[in-house]
Amino acid sequence: MDQYEHSVQLDPKKCTGCTTCLHHCPTEAIRIREGHAVINQDRCIDCGECIRKCPHNAKRAVAGKLESLQRFRYKVALPAPSLYGQFNNMDDVDYILDGLIKIGFDEVFEVAKAAELVSAYTRRYMQAEGIPKPLISSACPVILRLISLMYPSLEDHVLHMLPPIEVAADLARKKVKKEHPEFRDEEVGICFISPCPAKVSYVRNNFGSYKSKVDEVVAISDIYFRLLDVMKPENQVQTISDTGMTGIEWAGSGGEATAILNEDYLAADGIENVNKVLEEIENGNISHVKFVELNACPGGCVGGVLTVQNPFIAKARLRSVSRCLPMAANFADPDEEYIPEDFLFDEMPSYVPVSRLSPNFRESMRMMAEIQRIRDTLPGIDCGACGAPTCRAHAEDAVRAGLRTVTCPFADSFGGSRK
Amino acid sequence: MSEPLVFHFEVDVSDFTSAGTASVTVKKNLRQLGLPSDVIRKLSIAMYEGEINMVIHAEGGTADVIVTEEYIDIILKDHGPGIPDVDLAMQEGYSTATAQIHSLGFGAGMGLPNMKRYSDEMKIDTELGVGTTVTMRIWIR
Ligand SMILES: Nc1ncnc2c1ncn2[C@@H]1O[C@H](COP(=O)(O)OP(=O)(O)OP(=O)(O)O)[C@@H](O)[C@H]1O
Ligand code: SF4
Ligand SMILES: [Mg+2]
């Protein structure tokens with residue numbers, strides 16, 4: 001298996017080895033070893049839950065630096081719509097976009113624009129025959145990785161539309177090529193301004209057979225103060241923004257789903273809720289719903305760990321930013337029969353059976369029986385003191401490592417067996 | 001032949017919102033065994049419906065899942081009121097669920113028919129006032 005390059009990383013100097021992240025990681029990717037947390041790279045989905053929950057700020061998301069864009073002669077910023085909700089007393093997006101130019105970008109291409117196009121083409125996509133119900137949004141990279149690791153049977157339900165970030169990168173690149181033919185392709189740098197670490201990982205690792213067209217991903221939190229410095233109310237700004245309400249509202253949970261203009265939708269946010277919804281879809285319980293929007297972060301993209309503002313405040317601000325805008329400003333090409341090829345991806349990344357015990361079924365059965373045997377010798381309090389998130393996971397780690405017994409700091413006080 | 005694996009659950013009715021957790025746990029375990037996803041899907045739907053029925057119609061009970069190399073058996077046993085007319089209960093759309101249950105999104109009368117559809121073999125033993133045992137088998141190959 002290729003090593004997946006992750007944005008979420010740990011600072012061992014700050015990590016005290018407390019068990020907070022252990023209990024919050026949705027894929028049980030974390031163990032405490034030798035006094036600090038270790039992330040299993042094969043299992044991590046870059047959801048950022050551990051960053052959000054760490055009381056010592058020992059987890060961080062590694063993103064690109066603005067300075068690294070110096071390698072390009074023409075720099076294009078792709079601001080995520082969630083950026084628009086980060087500023088106080090800000091009801092005009094053009095001040096933010098102008099700020100991006102002032103801090104060194106040559107051009108801005110709004111991801112919100114691409115989001116409106118994705119919505120328009122999704123509506124078209126949903127009119128085709130034989131579309132699975134419900135259709136699952138492909139916009140959140142954490143969800144896509146979660147599905148490919150844990151819900152392989154749902155891969156067919158995923159909308160095969162590229163996420164707005166990629167559509168924006170493609171359109172921006174074409175625009176520059178046309179308007180500035182003097183630059184060679186490799187001289188043009190496309191930089192996404194990101195609310196979340198998962199976009200960083202997704203861009204670095206690509207998605208299935210699809211190669212990302214984004215060159216660099218910079219955190220909103222990284223450029224926030226630089227933007228504040230240059231965004232002055234007295235500035236004379238040009239009109240750059242070209243998006244409506246729907247594109248901007250993609251930043252919050254429910255924004256993408258409402259833009260489908262169909263009543264039968266569901267929007268869930270927060271990784272725990274997302275898991276529950278995915279289970280329900282697998283059980284065939286919500287097949288009356290046509291579209292499911294899932295966001296790993298609470299509140300949607302505004303809840304990403306690379307943002308600055310509280311997600312609920314950010315969402316309220318988005319409303320004031322978009323209040324005086326039309327519903328949408330970007331529309332599907334009426335001459336186009338279906339959906340342009342450039343908006344679609346071919347296949348989901350192949351299923352990675354990270355949780356499988358052994359490639360051999362009989363051996364898996366033996367291991368599972370052994371896990372159950374060992375688990376039943378443990379107290380079942382899932383305290384995390386051994387370094388594993390649950391007693392069950394501790395037993396599983398032992399069996400995977402070929403051990404027959406485990407150590408548990410509390411085995412004696414609980415009489416060594418549960419129930 | 002290796003020993004069958006057994007997963008045992010107490011299906012509790014005290015917290016209605018937890019209904020369905022046994023089937024989720026079984027699903028996770030079966031994925032770890034590397035079973036084909038269509039087998040897992042059939043099993044989790046069939047078991048989920050049975051689990052919900054035990055909670056809604058029968059005050060809970062026990063669920064046992066027995067995994068062998070050839071097949072998986074699900075045995076759902078309750079001490080509820082029993083089913084007076086099994087053929088009728090098996091009909092699509094037949095339900096005795098109350099309005100309250102309907103408001104929770106259950107009671108379409110599709111549970112038993114789905115259990116039959118998604119399992120390869122199904123047997124219902126029921127006695128009024130004593131309880132119901134539903135046994136389902138899903139073949140792995
Ligand atoms: N374990 C049980 N004990 C007693 N009665 C049962 C049990 N399981 C099912 N029944 C009876 O059989 C009927 C049909 O069951 P079925 O699962 O098909 O539908 P439902 O549970 O009413 O609705 P749905 O499953 O669609 O939510 C039930 O309404 C109930 O009267
Ligand atoms: S980012 Fe999410 S999946 Fe990765 S280690 Fe942290 S909590 Fe676990
Ligand atoms: Mg039922």
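Begin in chain A of this predicted model by selecting helix H4 (111-127), helix H5 (141-150), helix H6 (164-179), helix H7 (197-205) and strand E11 (291-295), each of which supplies at least two residues to the lining of the largest cavity. The volume enclosed there is about 350 Å³. To centre the view, pick A:Ala139, A:Cys140, A:Lys199, A:Asn295 and A:Cys301, which lie nearest the centre of this cavity among its 30 lining residues. Colouring the lining by class shows 22 nonpolar, four polar and four charged residues. Across the structure, four cavities of 30 Å³ or more are present.

Next, follow chain A to A:Pro134, located in the loop between H4 and strand E7 (135-136). Display the backbone from A:Lys133 to A:Pro134: the peptide bond joining them is cis, with omega near -5 degrees. A second backbone feature is found at A:Glu28, in the loop between helix H1 (20-24) and strand E2 (30-33) of chain A. Phi of A:Glu28 is near 50 degrees, a positive value in a residue other than glycine. Both stops merit display because most residues other than glycine have a negative phi, and most peptide bonds are trans.

Now select ligand 2 and the residues around it. The shell comprises 13 residues, and the closest are A:Cys25, A:Cys44, A:Cys47, A:Gly48 and A:Cys50. By class, this shell divides into nine nonpolar, two polar and two charged residues.

From ligand 2, turn to helix H2 (residues 49-53) of chain A and show the side chains of A:Glu49 and A:Arg52. They meet in a salt bridge, with 2.6 Å from N to O. About one helical turn separates A:Arg52 from A:Glu49, because the two are three residues apart in helix H2. Over all chains, the structure contains 37 salt bridges.

Four of the salt bridges to display run between chain A and chain B. One pair to select joins B:Arg31 to A:Glu282, whose side chains form a salt bridge at 2.7 Å, N to O.

With both chains shown, select the contact itself, to which chain A contributes 22 residues and chain B 23 residues. About 2,100 Å² is buried between chain A and chain B, and carbon and sulfur atoms give 50% of that area. On the chain A side, highlight A:Asn283, A:Phe361 and A:Met365: these supply 31% of the area that chain A buries against chain B, more than any other three residues.

The final stop is the second largest pocket, which holds about 1,100 Å³ of space. Its lining has 49 residues, and B:Glu49, B:Asn53, B:Met110, B:Gly111 and B:Leu112 are the closest to the centre. Both chains take part: helix H11 (271-282) of chain A gives two or more residues to the lining, as do helix H2 (37-58), strand E3 (71-78), helix H5 (111-118) and strand E5 (131-139) of chain B. Which element gives the most to this lining? Select H2 of chain B, which supplies eleven residues. Coloured by class, the lining of the second largest pocket separates into 26 nonpolar, 17 polar and six charged residues.

Terms used:
Residues are numbered from 1 along each chain as its sequence is written. Chains are lettered from A and ligands numbered from 1 in the order in which they are written. This is a predicted model: local features need pLDDT of at least 70, side-chain atom pairs count only at pLDDT 80 or more; totals for chains, interfaces and linings use all residues. Side-chain values use heavy atoms; hydrogens and water are left out. On a 1 Å grid over the protein atoms alone, a cavity is a set of points where a 1.4 Å probe fits but cannot get out, and a pocket is an open set with protein on both sides within 12 Å along at least five of seven lines; lining residues have an atom within 4 Å of a point. Grid points are joined across faces, edges and corners, and a volume is the space filled by probe spheres set on the points. Helices (H or I, at least four residues) and strands (E, at least two) are DSSP runs, numbered from the N terminus. Ala, Val, Leu, Ile, Met, Phe, Trp, Tyr, Cys and Pro count as nonpolar, Asp, Glu, Lys and Arg as charged, and the others, Gly among them, as polar. A residue is near a molecule or strand if one of its heavy atoms lies within 4 Å of it. Contact means heavy atoms within 4.5 Å. Buried area is the accessible area (1.4 Å probe) that two parts lose on being put together, summed over both.
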